[in-house]
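How can one find a way through this fold, beginning with its interior and moving on to its sheet? The paragraphs below take these two topics in turn.

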Amino acid sequence: MRIKRLSSTGNQKWRFVLAVLLLAALTGCTPGDVVTAGPGTLELKFQLPAGYHLNALTTSQVIWEVDGVVVQTTAQPEMPVTTLEDPLRLPVTFAVGEAVTIAHLNIRYCTDDQTRCIVAKQDLQLPVHVAAAGRRSTLAAAYTIVPP
């Protein structure tokens, strides 16, 4: 399985890969796992390093981009990120085949002492493999935002 980040620095890329591997170890689910055709969910969990928090004075968001054939949704693709406690969940319908879903991140966060605020803009590619009888109906990924 290959998880690809469209825009990255080397260090951030490896931290993303490690976060996905940790998710796999804890839940048994990794992006690229075979999901079953029918109703399902794309799920993305964020984490900030210690000493950082979401900037409550502005809007953070994720815009999902699905192919419309293998992964379809009628939900609004723009989702605000208001907390890091719960993953973002996009209801979808999976059809047999393979596709790549892209999560366009625009996350605004600050140091806890408010001395520095940062905008993280990243595009994450999540491969999707759908079979008539897959192992699960949720495709989950985790991403740790790394300050520059």
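A nonpolar core is understood here as a set of buried Ala, Val, Leu, Ile, Met, Phe, Trp, Tyr and Cys residues joined through side-chain atoms within 4.5 Å. In this model, which is predicted, the largest such core holds 31 residues, and those that touch the most other members are Phe46, Trp64, Leu105 and Ile107. At least two residues of this core come from each of S3, strand S5 (60-65), strand S7 (78-81), S8, strand S9 (97-111), strand S10 (117-131) and S11, with S10 giving the most, namely six residues. In soluble globular proteins, nonpolar side chains tend to be buried together.

Ile107 can serve as a viewpoint on its surroundings: when neighbours within four places in sequence are left aside, Ile107 is in contact with Phe46, Leu54, Ser60, Gln61, Val81, Ile118, Val119, Ala120 and Ile145.

Turning to the sheet, four strands form an open arrangement in the order S6-S8-S3-S11, with mixed pairing. Strand S6 (71-72) and strand S11 (138-144) each have a single partner strand and stand at the edges, so one side of each is left without a neighbour in the sheet. Strand S3 (residues 38-47) and strand S8 (residues 88-94) run antiparallel and are joined by seven bridges, and Gly38 has Phe94 as its bridge partner in S8.

Within strand S11 lies Ala142, which counts as buried because its relative accessible area is 14%, under the 20% cut-off. The C-alpha atoms of Ala142 and Glu43 are separated by 8.4 Å, although these residues are 99 residues apart along the chain.

Notes
Residues are numbered from 1 along each chain as its sequence is written. This is a predicted model: local features need pLDDT of at least 70, side-chain atom pairs count only at pLDDT 80 or more; totals for chains, interfaces and linings use all residues. Side-chain values use heavy atoms; hydrogens and water are left out. Two strands pair if DSSP finds at least two bridges between them. Buried means under 20% relative accessible area, exposed over 50%, partly exposed in between (1.4 Å probe, protein chains only). Contact means heavy atoms within 4.5 Å.
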